[in-house]
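Here's a quick briefing on ring contacts and helix packing in this model. Have the coordinates open as you go through it.

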Amino acid sequence: MTLVVETLVARYGSTRVLREVSLQARPGEIVALIGANGVGKSTLLNTIAGLHRSATGKISVDGTAILGRPAHRIAGMGIALVPEGRRLFSELTVRENLQMGLHGLRVPGREAHARIDSVFAMFPILAEFRSRPAGLLSGGQQQMLAIGRALVRNPTVLLLDEPSLGLAPTLVQQILATVKELAQQDVAVLLAEQNAAAALAVATYGIVLENGCVARADDARTLLEDEDVSQHYLGGAARESGARSGQTISVPDELRSRELMSR
């Protein structure tokens, strides 16, 4: 499904946080939202997911308007949010957290087991720790679990809010490689990231937010190669990252190993 946002304005009280933001994400695409803290990235994702209700404009999925609908209705349409900070149930086990992701879907027992098993197949380290409380997992494992909790809903649109937060660089690459793998399964991905260089390296398209507005929007590689974007948002890292050389990110073997136990 194609996600379309048109002239979206979001407020907290009388303060406008988003100012006529427009974008779209098609199946198989990763659209990276980059910008400093406080520019409205999380507000945008929360508004799409129905968690922030003080907004005007248009949000639609395959032509069906969703702005203003309750969050559980939006989730039922195939839109899944992986929130900043993961927000897992720390005292529940890995399996129980995945089961919580199915809440409200009325999925038959056999299919529910199959969906959870598919997450375990993607992240075998979670299968190994299926009975471990989520609060005892490492940061990388918790992020896998947060993504897995969204994936059991079989989303067609995946909203990711700062998935690299608090992770070591190697784990950031591994998590984003998984995101790229998901997009290749015809999922439309909207990725909000402060780690702009890493996000643009896996993205199809990039959007720069400044003060709640779209300041730049272009192909991800074009933004990576732009000197102004590099200096202001990438710390001048575009040349050093290998992005100009056409470097791609693949899913390393360590993604599915015990090495993810350490941050």
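In this predicted model, the charged end of Arg-132 sits over the ring of Phe-129, 3.9 Å from the ring's centre. As for aromatic pairs, the count is zero. After that, it's on to two helix packings, α3 with α4 and α6 with α7.

**Rings**
- Look at Phe-129 for the charge-over-ring contact, with Arg-132 supplying the charged end.
- Don't go hunting for ring–ring pairs, since the structure holds zero of them.

**α3 against α4**
- Helix α3 covers residues 94-101 and helix α4 covers residues 109-122; their axes are 10 Å apart and the packing angle is about 125°.
- That angle makes α3 oblique to α4.
- The crossing of α3 past α4 is right-handed.
- On the α3 side you'll find Val-94, Arg-95, Leu-98 and Gln-99, which meet His-113, Ile-116, Asp-117, Val-119 and Phe-120 of α4.
- Sorted by type, the residues of this α3–α4 contact come out as five nonpolar, two polar and two charged.

**α6 against α7**
- Helix α6 (residues 139-151) and helix α7 (residues 169-183) have axes that come within 10 Å and cross at roughly 15°.
- The two helices, α6 and α7, are therefore roughly parallel to each other.
- Here too you get a right-handed crossing, with α6 passing α7.
- From α6, Gly-140, Gln-143, Met-144, Ile-147 and Leu-151 meet Leu-171, Ile-175 and Leu-182 of α7.
- The residues of the α6–α7 contact split into six nonpolar and two polar, with no charged ones.

How values were computed
Residues numbered from 1 in each chain as written. Predicted model: local features only at pLDDT ≥ 70, side-chain atom pairs only at ≥ 80, totals over all residues. Heavy atoms only, no water. Phe/Tyr/Trp six-rings, centres within 6.5 Å; stacked < 30°, edge-to-face > 60°. Lys NZ or Arg CZ within 6 Å of the ring centre and 35° of its normal. Axes fitted to C-alpha atoms, helices over the stretch in contact; angles between N-to-C directions. Helix = DSSP H or I, 4+ residues; strand = E, 2+ residues; numbered from the N terminus. Parallel < 35°, antiparallel > 145°, perpendicular 65-115°, else oblique. Left-handed = near helix turned anticlockwise from the far one by under 90°. Contact = heavy atoms within 4.5 Å. Nonpolar A, V, L, I, M, F, W, Y, C, P; charged D, E, K, R; others polar.
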